[in-house]
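Open the model in your viewer, keep the selection tool at hand, and follow the stops below in order.

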Amino acid sequence: MYNTSTTPSKQRTNNRINFRRINLLLHSTFNRFLLHMLPKKRPVEVVTIDEASGSDNNSDNLRKKPRIGCLTSSCSSITSSTATVGCDGKKSSGGEESNNSTSSIAVEPSLTNMGLEDANMQDIDEDLHSRQLAVYGRETMRRLFASNVLISGMQGLGAEIAKNLILAGVKSVTLHDEGLVELWDLSSNFIFSEKDVGKNRALASAQKLQELNNAVLVSTLSTKFTKEQLSNFQAVVFTDINLETAIEFDNYCHNHQPPIAFIKTEVRGLFGNIFCDFGPEFTVIDVDGEEPHTGIVASISNDNPALVTCADDERLEFQDGDLVIFSEIHGMAELNDGKPRKVKNCRPYSFFLEEDTTSFGTYVKGGIVTQVKQSKVLNFKPLKEALKTPGEFLLSDFSKFDRPPLLHLAFQALDKFMCELGRFPVAGSEDDAQKLISIATAMNESLGDGKLEDLNPKLLRHFAYGARAVLNPMAAMFGGIVGQEVVKACSGKFHPLLQFFYFDSVESLPTEPLEPSDYKPLNTRYDAQISVFGAKFQNKLENTKSFVVGSGALGCEFLKNLALMGVSCGADGKLTVTDDDVIEKSNLSRQFLFRDWNIGQAKSTVAASAAALINPRLKIEALQNRVGPETENVFDDTFWENSSVVINALDNVNARLYVDQRCVYFQKPLLESGTLGAKCNTQTVIPHLTENYGASRDPPEKQAPMCTVHSFPHNIDHCLTWARSEFEGLLEKTPSEVNAYLSNPSEYTTAMRNAGDAQARDNLERVLECLERERCETFQDCITWARLKFEDYFSNRMKQLIYTFPEDAVTSNGAPFWSAPKRFPRPLEFSVSDLSHLNFVLAGSILRAETFGIPIPDWAKNPKKLAEAVDRVIVPDFQPKQGVKIETDENATSLSSASIDDAAVIEELIKKLEQHRKTLPSGFIVKPIQFEKDDDTNYHMDFIAGLANMRARNYSIPEVDKLRAKFIAGRIIPAIATSTAMATGLVCLELYKVIDGGHKVEDYRNTFANLALPLFSMAEPVPPKVIKHQDMSWTIWDRWTIKGNPTLRELIKWLADKGLDAYSISCGSCLLYNNMFPRHKDRMDKKVVDLARDVAKMEIPPYRRHLDLMVACEDEEENDVDIPQVSVYFR
């Protein structure tokens, strides 16, 4: 329920990424001919590099740099005279450590050079990285595996960037910092503890970061860094560097061959910036990460330009200027040449082709049009030039349109301030603030025509006060963005930031003005945060009672952030976290509080323990309860009333809606967030200020018609949907029905008789078939079952379909039956020499044997012996049947057709079942198999992929590999650590406002972001809808309460005094009163609570102090009035 990697919340912009709101599902592109790779970890160690070894310019000791489109190699050895810390945490004497070399990659990997024949290619642990693979794809992951990254500056921001990149799985991360850990650092760095104070930051970080992913080489540099060392890396990130040095390093990276990606980023209080320089020419291979759009061709005109019309089952997503290719065109075969062609005048179901087709053949039928994704070359300026002519800034908040140029100036002024004084401005010091403002003013005057009109001294004062502080929410947000930029630099996947990004969240500051003394440090781990918000506000944070729902990817990040911020760490504070899920291996690539030894343990317990290690003062309680109606005895009225704020970290809409209803009911602020691949969004829900989460609903996702999935598929999604359905029907539902029958035959058959419909008939037929004709007693029987299933699914059914609807069949109005989007099928002929056929039989027979408890012989996985066993199966000849009904109605909801003699058939089936049951051995049962996508050894995905690909072959649909099949059939939500970190950082910036309690609606922000583009869209929340009646008004946040235990008459009079005529009163799903029913008048003098007990049969638990009623009212003009919920407090 609470696996939150990729569960998104809703967004109030046009870009909505909730499951109920998403229009595009992100699936990464995969080569379907690639063999599946076995999990394999790279041997790595944490290495410390001293000044001597770190500055060694011997080319043999430097990590070489693969760049996109260039020949690459990766072979290095690092010599260290200091201690080496292995992955097990043990120290050994210094010595030379040699990395495994990876293969050379010439240009973009092709189907040929990406196969497993390359023994040096690093394998991908698909169990661990499955959610990340769904975002990036194998090629991007391999490039990451070959990339070496430097992170300089290991305060909070550096730690967040390192965490995200290590989880992503780059080859190596080198941590550089010459400074020592201070108590101040504990406000933002989750790695440090008070025991680390006085240690070198890089050295203190290495071991804990290494634990995140043992397949990444984590090394450290604790001495002065030279520009020559930059050549060791594909990407370098500096989080704490002056401009003069940054310009020197950037020039070196920019002019290096190949160029080294240079990123400079800072977080200063509630302000932050990023600068990216990926070299003079950087090729973006995939701009947005979305799947190429496709369409099914319906017609093509012989014109100049040619009009192409597509089937109207799905809207086209092409844009003017896109390049497309055609395939499977009948008639106008000239378009099947694979040549990309430009489109224009794109409409929902048609477009014009910039091609003269007047001399081409006449279009007959068929055809697929597919978008060709184009690479893009970007030209980056070096930092020195970009500072003077920054170009367009990437905006995040359009209400701050003029803010980026001002912050561009402010950060340069801060750099000059520090160069002149050798320190940061002191928090609360008016003199330092004025000094910074004067520097900024002088710099602005020198800009000439580029001079800014308003320097906003108030904003610069806030900037100066918080300049030294690295706040955790800002570090989390920027750590996500910068981590993603590094991935782009190393892989060419997604569009980089070009080139400056500035952000501030001054709205997060307390609404009450602070005195200079409020900023003074108290010699605590929160001093950095106190220097921005003041000590009084810190006390508020510490005594907050917070409730985090879910402890998956989002939940882990939230717990880390809250611990660092000091939320619920005071004497009166308490943080409750709940999650009913357990840790799985696939969680470890994002849910960073978990380790491989935690697999199988409760998420909330492990996460709570890890968060308490980050901040031992955290008052946290971990529960394993699902939040829902069934646990209202746990999360009762007192619990909700005592909570200060609720933070959702959920993965499904229904749970979100329930928590939202509770927050509305108890008037509690709710912070929502969600992710989907590189996309993330946040929503702030504040009582009486904003609309609630459930205030608007998106339309349900479009589902393929049942007849399309079962008989007329035209894409691989249809095939996989059908395959998943067949798996569950054959291996879970039917065995469950069999066991239900065998455990209580009389009760089961009585239920079937009472139902008496087509569904009951189908159930009985499946049970009888499983126990009679398809019952297996030996493994050879299981092979026979699987072989005959192949014949049934992929040969006989296709022959029957063709017999019923021949290729030249026409509809009732004379149109060709097999017209777009329908694809004409071809039966398959089984061959033991086709490994895909044999693998289907292997997976099917193993699963069937598991169902019947039959041992699997050792020879089963020997292809030759399996083929011999398959050859022994007698396959009956197929004869097509007359009068077979194949559903073609797209509105049909069931394939079971009712018949007038269902009852008679059911009786006959029951008789046969009773006879056959007597022949079964005592205690006979079968084992239902529940689909489990994340275990590659259980043959579930092998069988589903086999079903889908054979069906795809029937209909000439491109097949997919098992990994891609897992994404679609397993409904895996793409997820990466970077977008998760960014979302939680943004939420915690809103949390500051929530806990302060004095902010207006215009101070809050909802955010949608897509790190792939990159795109940031922040907007004020939408106010709640206001309902007015006479001199009263209310919103969904209002609830009318009556104390005591009124009678029905007293309740109706109470409403009448408000000018409302109550004509219907309900409690739960039961009607207590309606003025249309005369007998209800007898209830007028009964107590409402007694009516609920007597009429609604409601059991009111002892912890419940009130009763909720839904009342329908009219005004004096008989217009319905939607009034708030009415609560009767009787205790």
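What follows is a tour of this predicted model, moving from the whole chain to single residues and the pairs they form.

**The whole chain**

Begin with everything displayed as a cartoon, where the secondary structure of the chain comes to 30 helices and 36 strands. If you then colour by accessibility, you will find that 58% of the 1131 residues count as buried. Among the contacts between residues at least 6 apart in sequence, 74% join residues at least 24 apart.

For an example of positions far apart in sequence, select Arg964 and Gly137, which are 827 residues apart along the chain, while their C-alpha atoms are separated by 9.5 Å. Arg964 is found in helix 27, residues 962–969, and this arginine is buried, with a relative accessible area of 11%.

**Helix 10 and its surroundings**

Next, select residues 457–465, which make up helix 10, and show the side chains of its buried residues: Leu459, Leu460, Phe463, Ala464 and Tyr465. Which elements do the buried residues of helix 10 pack against? To see them, add strand 10 (261–268), strand 11 (271–277), helix 8 (403–421), helix 9 (430–445) and helix 12 (527–533) to the selection.

**An aromatic pair and a cluster**

Now turn to the rings, for which the count comes to 52 aromatic pairs. Select Trp722 and Tyr793, whose ring centres are 5.2 Å apart and whose planes stand at 85°, so that the pair is edge-to-face. Because Trp722 lies in helix 19 (residues 716–743) and Tyr793 in helix 22 (residues 779–804), the pair ties together parts that are 71 residues apart in sequence. Trp722 is buried, with a relative accessible area of 1%, and Tyr793 is buried as well, with a relative accessible area of 1%.

Keep these two rings on the screen and add Phe727, Phe790, Phe794, Phe830, Phe840, Phe931 and Phe943, which together with Trp722 and Tyr793 form one aromatic cluster.

**Salt bridges across the chain**

The count of salt bridges comes to 62, and a few of them are worth selecting one by one. Start with Glu194 and Arg617, whose side chains meet in a salt bridge at 3.1 Å, N to O. Glu194 lies in the loop between strand 7 (172–176) and helix 5 (201–210), and Arg617 in the loop between helix 15 (603–614) and strand 23 (620–623), so the pair ties together parts that are 423 residues apart in sequence. Glu194 counts as partly exposed, at 42% relative accessibility, and Arg617 is also partly exposed, with a relative accessible area of 39%.

Move on to Glu672 and Arg656, which form a salt bridge in which the closest N and O atoms are 3.0 Å apart. This pair links distant parts of the chain, with Glu672 in strand 25 (residues 670–676) and Arg656 in helix 17, 16 residues apart. Are these partners buried or exposed? Glu672 counts as buried at 0% relative accessibility, and Arg656 is buried too, with a relative accessible area of 0%.

A further pair to select is Glu959 and Arg953, whose side chains meet in a salt bridge at 2.8 Å, N to O. Here Glu959 is buried, with a relative accessible area of 18%, whereas Arg953 counts as partly exposed at 27%. To see a group instead of a pair, select Asp177, Glu182, Asp185, Arg201 and Arg468, which are linked in a network of salt bridges.

**A buried arginine without a salt bridge**

Return to helix 17, residues 653–666, and select Arg662 within it. Arg662 is buried yet has no salt bridge, and the nearest side chain of opposite charge, that of Glu632, is 4.1 Å away. Why does this approach not count as a salt bridge? The cut-off for a salt bridge is 4 Å, so a distance of 4.1 Å falls outside it. Leaving aside its neighbours within four places in sequence, Arg662 is in contact with Glu632 and Trp640.

Now add Tyr665, because the charged end of Arg662 sits over its ring, 5.2 Å from the centre. The charged end of Arg1039 sits over the ring of Tyr665 as well, 3.7 Å from its centre.

**Last stop: the cysteines**

Finish by selecting cysteines, including Cys419, which is exposed with a relative accessible area of 53%, and Cys490, which counts as buried at 4%. How many disulfides does a search of the whole structure find? The search finds zero.

Technical notes: Residues numbered from 1 in each chain as written. Predicted model: local features only at pLDDT ≥ 70, side-chain atom pairs only at ≥ 80, totals over all residues. Heavy atoms only, no water. Helix = DSSP H or I, 4+ residues; strand = E, 2+ residues; numbered from the N terminus. Buried < 20%, exposed > 50% of the residue type's maximum accessible area, 1.4 Å probe, protein only. Lys, Arg positive; Asp, Glu negative; His and termini not counted. Contact = heavy atoms within 4.5 Å. Phe/Tyr/Trp six-rings, centres within 6.5 Å; stacked < 30°, edge-to-face > 60°. Lys NZ or Arg CZ within 6 Å of the ring centre and 35° of its normal. Disulfide = S-S within 2.5 Å.
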